[in-house]
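Biologist: Please take one part of this model and look at it closely. Which contacts hold it in place in the model's own terms, and what lies around it?

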Amino acid sequence: MKAFVLRSYGSPDMLDLTDIDRPVPGDDEVLVRVRATSVQPYDWHLMRGEPFISRLMGGGPGLRKPKISILGADIAGQVEAVGRAVTEFRPGDEVFAMPKQGGFSEYACVREAELAPKPKNLSFEQAAAVPMAAGTALLALRDEGRIQPGQKVLVNGASGGVGTFAVQIAKALGAETTGVCSRRNVDMVRSIGADEVIDYTTEDFTQNGQRYDLLLDAAGSRSGSACRRVLTPKGTYVVVGGPGSRWFQPVGHVVSALAMSPFVSQRTTLADVIRCTETRQNLMTLTELIEDGKITPVIDRGYTFEEIPAAIRYVEEGHASGKVVVTV
């Protein structure tokens with residue numbers, strides 16, 4: 001099969017499109033013929049091994065060379081073969097998953113626990129846009145944010161991959177939702193259900209006097225102390241990410257936000273979908289919301305398989321509205 005293989009850290013030019021052996025599924029694994037994948041910041045952070053501090057952390061990308069040779073955290077496709085312990089899937093089934101690696105290839109092995117039937121009303125490309133971004137938004141709002149119907153929720157970074165799902169999931173869970181984005185994305189964010197939209201180019205959401213029960217911060221554009229000013233006294237600040245840098249960010253932003261949590265009345269917490277063990281259950285929840293018409297992926301651009309390096313370059317620029325998907 002063909003796959004983009006990463007042998008050393010660097011730019012998208014380091015991805016080598018080559019022929020390798022097709023993987024063989026283990027007892028609890030499913031071999032998926034990948035029909036679509038998506039590109040996200042997680043991929044290029046692993047590709048570049050940045051921020052450098054992450055190489056020293058448990059579960060990081062690897063100190064001197066990448067631990068993961070085939071990137072691509074999300075996949076959608078068809079079951080090709082199953083391991084002998086697999087009971088829920090059979091060849092030909094249409095599925096989607098967040099294996100965290102292997103999507104930039106024609107075939108990928110996925111543990112049965114990470115796999116779910118593809119939503120019936122989505123194409124493969126749309127389905128590939130869902131797992132990591134929507135899973136992060138669900139984890140941030142439901143599990144870490146403990147969202148309740150009627151609460152006021154602010155999503156900072158509402159036009160990005162996580163943000164577009166967060167706006168829709170918050171609405172589906174009964175919240176009054178405000179999105180923060182740039183001027184060019186105001187209409188889009190309003191169209192996916194935001195009750196109010198703040199254009200950060202003309203208004204600082206930390207200075208307008210509004211108060212929220214829950215702030216999901218997918219942009220990291222303001223300090224933790226500034227973000228806590230917009231919360232009610234018992235509000236919750238959920239950190240998802242922030243702008244990247246070669247050495248510390250977004251790790252530094254996350255750590256600084258969490259460091260003040262013991263000293264203030266508001267809760268501060270981190271939504272880390274990479275360490276979430278309920279992958280399949282979350283995918284099933286998202287499928288229900290999708291098939292009920294409550295959330296739908298926002299697709300910025302589509303690329304062909306051979307254009308994956310160009311897709312990563314575009315995502316690295318940080319201007320994508322919604323998700324960037326790849327047809328395999």
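Modeller: Apart from neighbours within four places in sequence, Gln-40 is in contact (heavy atoms within 4.5 Å) with Ala-73, Asp-74, Met-132, Ala-133, Val-315 and Lys-323. The model is predicted, so local features need pLDDT of at least 70 and side-chain atom pairs pLDDT 80 or more, while totals for chains, interfaces and linings use all residues. Numbering starts at 1 in each chain as its sequence is written, and side-chain values use heavy atoms, without hydrogens or water.

Gln-40 sits in the loop between strand S3 (29-39) and helix H1 (DSSP runs numbered from the N terminus: helices H or I, at least four residues; strands E, at least two). Its relative accessibility is 5%, so Gln-40 counts as buried (under 20%; exposed is over 50%, partly exposed in between; 1.4 Å probe, protein chains only). The side chains of Gln-40 and Asp-74 form a polar contact (N or O atoms within 3.5 Å, one able to donate a hydrogen and the other to accept it; sequence neighbours count only if both are side-chain atoms) of 3.1 Å.

After that loop comes H1 (residues 41-48), which packs against helix H9 (residues 308-317) at about 105°, with the axes 9 Å apart (lines fitted to C-alpha atoms over the stretch in contact; angles between N-to-C directions, 0 to 180 degrees). H1 and H9 are therefore roughly perpendicular (65 to 115 degrees; under 35 is roughly parallel, over 145 roughly antiparallel, the rest oblique). From H1, Pro-41, Trp-44, Met-47 and Arg-48 meet Ile-312, Val-315 and Glu-316 of H9. These residues comprise 5 nonpolar (Ala, Val, Leu, Ile, Met, Phe, Trp, Tyr, Cys, Pro), no polar (the others, Gly among them) and 2 charged (Asp, Glu, Lys, Arg). Val-315 thus appears in the list for Gln-40 and in the contact of H1 with H9.

Ser-321 lies in the loop between H9 and strand S15 (323-327). Ser-321 has 8% relative accessibility and therefore counts as buried. The Ser-321 side chain makes a polar contact of 2.8 Å with the side chain of Asn-185. Leaving aside neighbours within four places, Ser-321 is in contact with Ser-159, Arg-184, Asn-185, Met-188, Val-298, Ile-299 and Asp-300.

The model also has an open sheet of 6 strands with parallel pairing (at least two DSSP bridges per pair), in the order S10-S9-S8-S11-S12-S13. Strands S10 (196-199) and S13 (267-270) are its edges, each pairing on one side only. From one strand to the next, the twist averages 15°.
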